[in-house]
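Here are some short exercises to work through with the structure open beside you. Try each task before reading its solution.

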Amino acid sequence: MAVTTPAADVSAIGAALRSPAATVSEADAEKLRLIEELTSDVDAAQDRVLSEILGRNAGAEYLTRCGLDAGDIARATFRAKVPVVSYDDLKPYIQRIADGDRSPVLSTHPITEFLTSSGTSAGELKLIPVAMDDSGRRHALHGLIGPVLNLYVPGLDKGKGLYFMFVKSETRTRGGLTAWTVLTSVYKSDRFKSMANAYTSPTAAILCSDAFQSMYAQMVCGLCQRHDVVRVGAVFGASLVRAIRFLQLNWGQLAADIEAGELSPRVDDPSVREAVSGILRRPDAELAEFIRAECSNGDFADIITRIWPNTKYVDAVVTGSMAQYIPTLQYYSGGLPIVSTSYASSECFFGINLRPMCDPSEVSYTIMPNMAYFEFLPVGEAADARSLVELAGVEIGREYEVVVTTYAGLSRYRVGDVLRVTGFHNAAPEFRFVRRQNVLLSVDTDKTDEAELQRAVERASSALLRPRGASVADFTSRVCTDRIPGHYVIYWELHKLLTEAAAGDTVDGETLGRCCLEVEEALNPVYRRNRVTDGSIGPLEIRVVRPGTFEVLMGVAVSRGTSIGQYKVPRCVTLPSMVELLDSRVVSSHFSPALPRWTLAP
Ligand code: AMP
């Protein structure tokens, strides 16, 4: 039934949801009521979820080994007996399932597929097991986002979303199960295909694995339907910035195609061509001229509102490492709200943002207690089961690492995300995403930690510098997004191992270029995939700094209050004054001359 109830009458919706003046449909009201219900008695909801999870998993091998009996669904027993674990602890079990063991290893319910997380373990993608009913649970939670947005932004159902969506290549495990990213799994599902009309991108364009063709087709369709577009987005801020950059680089050809009513032969995937031909139906000289006029002077300020004038908000996650794209998106979007709707991972869909129009720096997510059993490890405390706090017990202002127990059989599993409690919606805590543990560098979905960067630098140094009588005396790094795609910058101070005469004056530029590639070769598969197949990370750069730079850096830290005894070289710098200092002492800069190797192996 359409638009009947004023939002203010959805009595159970909290103040934040009640205040906007929108009206809600019956279907939306039902979902909003569900949010209210779920957030009102968090502990009861969590109790129900844990009973359900244990009802199906207590008889599986893993929990039996932990000391649980089949049918033992008591929360107290679970909390007393099951340890807190990381991926590496569960990896042998997960590997057996991947290799074809169909016995109840982690869950008595069959594992139907794996999601490949962007987190890695020992240089391999993490494989996250999925049970048959998981996607329905995710879909149900995702379905709560729309009704919340409709409260704040009326008329969204009158138009379409221009969302840039991409699949990644998938593979099969030795045991024959599909392993793919969570988004690939969503975009290839029948559920998603049935919602295709909500988007300007044809499904064939989204499912095209060639990143250029996919982006080109999605952009051309977005341009042709520009007056229908009411929201512009991508899952993460980085992808949306990349899409706009793509427009900046390709508007000439896009306009030519629109003028001719014919797609460029650069898109040669037949299914994409066919799908686009249903949208790019005839020549449109007026639209082509408009695009040229808007894009040709190179000024892309407010480009989103100029090209898609009915856009009401920009939809892209800009929390966590994606916050680095907020200024660029603000520049492109002319003051539109930038909305981070949800917080999810391969392991679990955590929650949604119930105040979607808030400032990007203020975003908090309300964890939905029906998705998994959630516990929280206070930051700074030992990873001991006794330290874990339940969802209903977290305290405002404190930071916790989130630990999940899922239907698919991860029990007390550390996701690696640190969250801060910022408030409550009813009884449900709201969390700000603080950081991912150990992630030093991230441009897109890549997550590079300190140990990995250190290893990569050492590998390049020993393979290419040492034979030339040099080594890396010290290094630090940062992500540079001045150009899109962003890239990793590593600052190196070189040290001569031999006498000056033997080592020569400097290591030559070609060798340093090869060092960049060597570092890239040693980085994780997600980095290399993004670099090779999506082009969402640019060539790695090494900036050689003058001798003594790291001493100056230490001097600055000490002058700011760090004690010399405790000083550690930061392996990543973000503070603008530190970046400026490093850049002012750069003597030469070198880029990776080629793409690193990347092959898909689960
Ligand atoms: P993956 O396992 O590849 O799906 O990546 C999931 C991870 O991405 C999470 O554990 C977070 O570290 C990060 N992430 C997902 N959603 C958000 C969000 N809304 N804000 C910040 N980080 C996020």
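**Exercise 1. Find how many Å separate the centres of domain 1 and domain 3.**

Step 1: The domain assignment, which is automatic or from a database, gives domain 1 (42–109 + 365–436), domain 2 (154–311) and domain 3 (440–591).
Step 2: Taken over C-alpha atoms, the centres of domain 1 and domain 3 are 38 Å apart.

Before you go on: this is a predicted model, where local features need pLDDT of at least 70 and side-chain atom pairs count only at pLDDT 80 or more, while totals for chains, interfaces and linings use all residues. Residues are numbered from 1 along each chain as its sequence is written, and side-chain values use heavy atoms, with hydrogens and water left out.

**Exercise 2. Describe the largest nonpolar core.**

Step 1: Learn the term: a nonpolar core is a set of buried Ala, Val, Leu, Ile, Met, Phe, Trp, Tyr and Cys residues joined through side-chain atoms within 4.5 Å. Buried means under 20% relative accessible area (1.4 Å probe, protein chains only), exposed over 50%, and partly exposed in between.
Step 2: The largest core has 87 residues, and Phe374 and Val402 are among those with the most contacts inside it.
Step 3: Helix 6 (residues 87–98) gives the most to this core, six residues. Helices are DSSP runs of H or I with at least four residues, strands are runs of E with at least two, and both are numbered from the N terminus.
Step 4: Domain 1 (42–109 + 365–436) and domain 2 (154–311) each add at least three residues to this core.

**Exercise 3. Which strand gives the largest share of the shell around the ligand?**

Step 1: Ser118 and Ser342 are among the residues that come nearest, out of 16 around the ligand (a heavy atom within 4 Å).
Step 2: Strand 11 gives the largest share of the shell, three residues.
Step 3: Look at polar contacts, here pairs of N or O atoms within 3.5 Å. A polar side-chain atom of Ser118 is 2.6 Å from a ligand oxygen atom, and a backbone N or O atom of Ser342 is 2.9 Å from a ligand nitrogen atom.

**Exercise 4. Is Thr116 buried or exposed?**

Step 1: Find Thr116 in strand 3.
Step 2: Thr116 is buried, because its relative accessible area is 9%.
Step 3: A polar side-chain atom of Thr116 lies 3.4 Å from the backbone nitrogen of Thr181.

Definitions and conventions:
A polar contact is a pair of N or O atoms within 3.5 Å; within protein, one must be able to donate a hydrogen and the other to accept it, and residues adjacent in sequence count only if both atoms are side-chain atoms.
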